[in-house]
Amino acid sequence: CLIHFYKRDTEMKNKRKYEDAAPASAAEISQKNLKKLKKFSKTDSPEVKEIKDKASEFLADRKNANFLIDILGHLDLAEPGAVATAAVQAVKRIFVALLEKNQIKKVESKSESPSAEEQYTTWVYERYAEGMKKMAELIHHRKTSVAHLAVATVMNIIQCQHWSNAKTKAKDWDSEDIRLLQHLVLGFCSNRTSGKLALSRFQEFLEYSDVTFHFISIMGRLVSKAAKTEKVNSTFVDNVITCLEMFEMPDKEKF
């Protein structure tokens, strides 16, 4: 179960990752340090640096809230790979931090004069909904690394969102979790662009029975709706067939 895996993984994140691994040799350590040095020696472009700085400033002080709008603007198919990657990572950093503090939620108040806190909470929730939709659209980015990162980020946000909700303690997905997965499925089954590139990254998540169940349920509703509205074309059919080819019926014992 994807949801339970996230909780277990979060609880163990401070433990040593490879307790049974053999000690690394001096040559292996040197090689590893050399790779790290090369990684850190790369200089970020001004645009990438600006995205990272704005994410930090947003999290540091609420007065920088509008920086989130700037960052979301970079979740665009036309952006270069490095910029799109920085935007995805920044958005993930922000949303995970807010979810863990339970600061992303719908405001149930129907007051005609909402408080400043309620207005801010509503604004954050709207930006979250907007950002996750744009994130899912990046699965069609021309850079494979960006498309794969977008898929993995949406799935990680689903996990984090589920456990940040104080009312949710069971393994059952709620409507918000399903909505995020639906964004991905809509992209995989696009009637304009092939979804094969992103599907290759998503396939590993189908090992989880809960993901498999909701994935095929959403796909079924999507195909039925597309057939009724006559929006079916060769691209859509190819994408649906690709989804079905990698799909396996879930084991009932896993639920």
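Trainee: In this predicted model, is lysine 54 buried or exposed?

Mentor: In this predicted model, the relative accessible area of lysine 54 comes to 16%. The cut-off for a buried residue is under 20%, and therefore lysine 54, with its 16%, counts as buried.

Trainee: Which residue meets the side chain of lysine 54 in a salt bridge at 2.9 Å, N to O?

Mentor: Side chains of opposite charge can pair when their charged atoms come close. The partner lies in helix α4, whereas lysine 54 lies in helix α3, so that the pair, 16 residues apart, links distant parts of the chain. With a relative accessible area of 34%, this partner is partly exposed, and the residue that meets lysine 54 at 2.9 Å is aspartate 70.

Trainee: Which element gives the largest share of the lining of the largest cavity?

Mentor: The largest cavity holds about 30 Å³ of space, and its lining consists of Glu50, Ile51, Lys54, Asp70, Ile71 and His74. The elements that give two or more residues to this lining are α3 (46-60) and α4 (67-72). The largest share, three residues, comes from α3.

Trainee: How far apart are the closest N and O atoms in the salt bridge of glutamate 176 with arginine 179?

Mentor: Both glutamate 176 and arginine 179 lie in helix α8 (residues 175-188), three residues apart, which is about one turn of the helix. Glutamate 176 is buried at 18% relative accessible area, while arginine 179 is partly exposed at 22%. Between their closest N and O atoms, the distance is 2.8 Å.

Note on methods:
Residues numbered from 1 in each chain as written. Predicted model: local features only at pLDDT ≥ 70, side-chain atom pairs only at ≥ 80, totals over all residues. Heavy atoms only, no water. 1 Å grid on protein atoms, 1.4 Å probe; cavity = no way out; pocket = protein on both sides within 12 Å on 5 of 7 lines; lining within 4 Å. Points joined across faces, edges and corners; volume = space filled by probe spheres on them. Helix = DSSP H or I, 4+ residues; strand = E, 2+ residues; numbered from the N terminus. Salt bridge = Lys/Arg side-chain N within 4 Å of Asp/Glu carboxyl O. Buried < 20%, exposed > 50% of the residue type's maximum accessible area, 1.4 Å probe, protein only.
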